[in-house]
Amino acid sequence: IYTTAGTHQFFEENSIATTFVYKEGEGRPNISDLLINGKLDIIVNTPGGKKSKIDGITLRMTAIRYNIPYVTTLSGALAGVKGILAAKKGEEKPKSLQEYQKMLGV
């Protein structure tokens, strides 16, 4: 798990080991460097503030270029984890939103 400053500090305070990485424009290696070098499998970015949103645009474009999933909410990240765990257990195959709507009669 790679984390930027605030998340790194939070995880450290809660005894979760992570590797610190710089945000865009703060230094190297930064998140884009990790993406380009194939070090990331997924990005969870919860931007807060104008600069974070601008950094997020660059990061999202890089993630798309390297075909890396990009999540912007903790609830979205949790849903992704649950889906991955279910798929590993063979519980259910992924469905499109349209398929879920049809199942729910929406």
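**Pocket, salt bridge and backbone features of a predicted model**

Q: In this predicted model, how much space lies in the largest pocket?
A: The lining of the largest pocket is made up of 33 residues, and the residues that lie nearest its centre are Y2, T3, I43, V44 and N45. The space that lies in this largest pocket is about 1,000 Å³.

Q: Which element gives the most to the lining of the largest pocket?
A: Several elements each supply at least two residues of this lining, among them β1 (2–3), α1 (5–13), β3 (43–44) and α3 (50–65). Helix α4 (74–88) also belongs to that group, and with six residues the element that gives the most is α4.

Q: How do the residues of the lining of the largest pocket divide into nonpolar, polar and charged?
A: The lining draws on both strands and helices, including β3 and α2 (31–36). By residue class, the lining of the largest pocket divides into 19 nonpolar, 10 polar and four charged.

Q: Which residue forms a salt bridge with D33, and is that residue buried or exposed?
A: A search of the whole structure finds one salt bridge, and in the bridge formed by D33 the closest N and O atoms are 2.9 Å apart. D33 itself counts as buried because its relative accessible area is 14%, under the 20% cut-off. Its partner has 64% relative accessibility, over the 50% cut-off, and therefore counts as exposed; that partner is R28.

Q: Which residue does a cis peptide bond join to R28?
A: The residue in question has its place in the loop between β2 (19–20) and α2. The omega angle of the bond is about -5°, and the residue joined to R28 is P29.

Q: What is the phi of S15, which is not a glycine?
A: S15 lies in the loop between α1 and β2, and it counts as exposed because its relative accessible area of 70% is over 50%. Although S15 is not a glycine, its phi is positive, at about 60°.

Q: Where does N67 lie?
A: N67 has a positive phi of about 55° although it is not a glycine. At 68% relative accessibility, N67 counts as exposed. Its place is the loop between α3 and β4 (70–71).

Q: What accessible area do Y100, M103, L104 and V106 have together?
A: These residues form a nonpolar patch on the surface. One of them, M103, lies in helix α5 (residues 97–104) and counts as exposed because its relative accessibility is 52%, over the 50% cut-off. Together, the residues of the patch have an accessible area of about 470 Å².

Technical notes. Residues numbered from 1 in each chain as written. Predicted model: local features only at pLDDT ≥ 70, side-chain atom pairs only at ≥ 80, totals over all residues. Heavy atoms only, no water. Patch = residues over 30% accessible without salt bridge, like charges linked within 9 Å, V, L, I, M, F, W, Y side chains within 5 Å. Areas by Shrake-Rupley, 256 points an atom, 1.4 Å probe, with all protein chains shown as cover. Salt bridge = Lys/Arg side-chain N within 4 Å of Asp/Glu carboxyl O. Helix = DSSP H or I, 4+ residues; strand = E, 2+ residues; numbered from the N terminus. Buried < 20%, exposed > 50% of the residue type's maximum accessible area, 1.4 Å probe, protein only. 1 Å grid on protein atoms, 1.4 Å probe; cavity = no way out; pocket = protein on both sides within 12 Å on 5 of 7 lines; lining within 4 Å. Points joined across faces, edges and corners; volume = space filled by probe spheres on them. Nonpolar A, V, L, I, M, F, W, Y, C, P; charged D, E, K, R; others polar.
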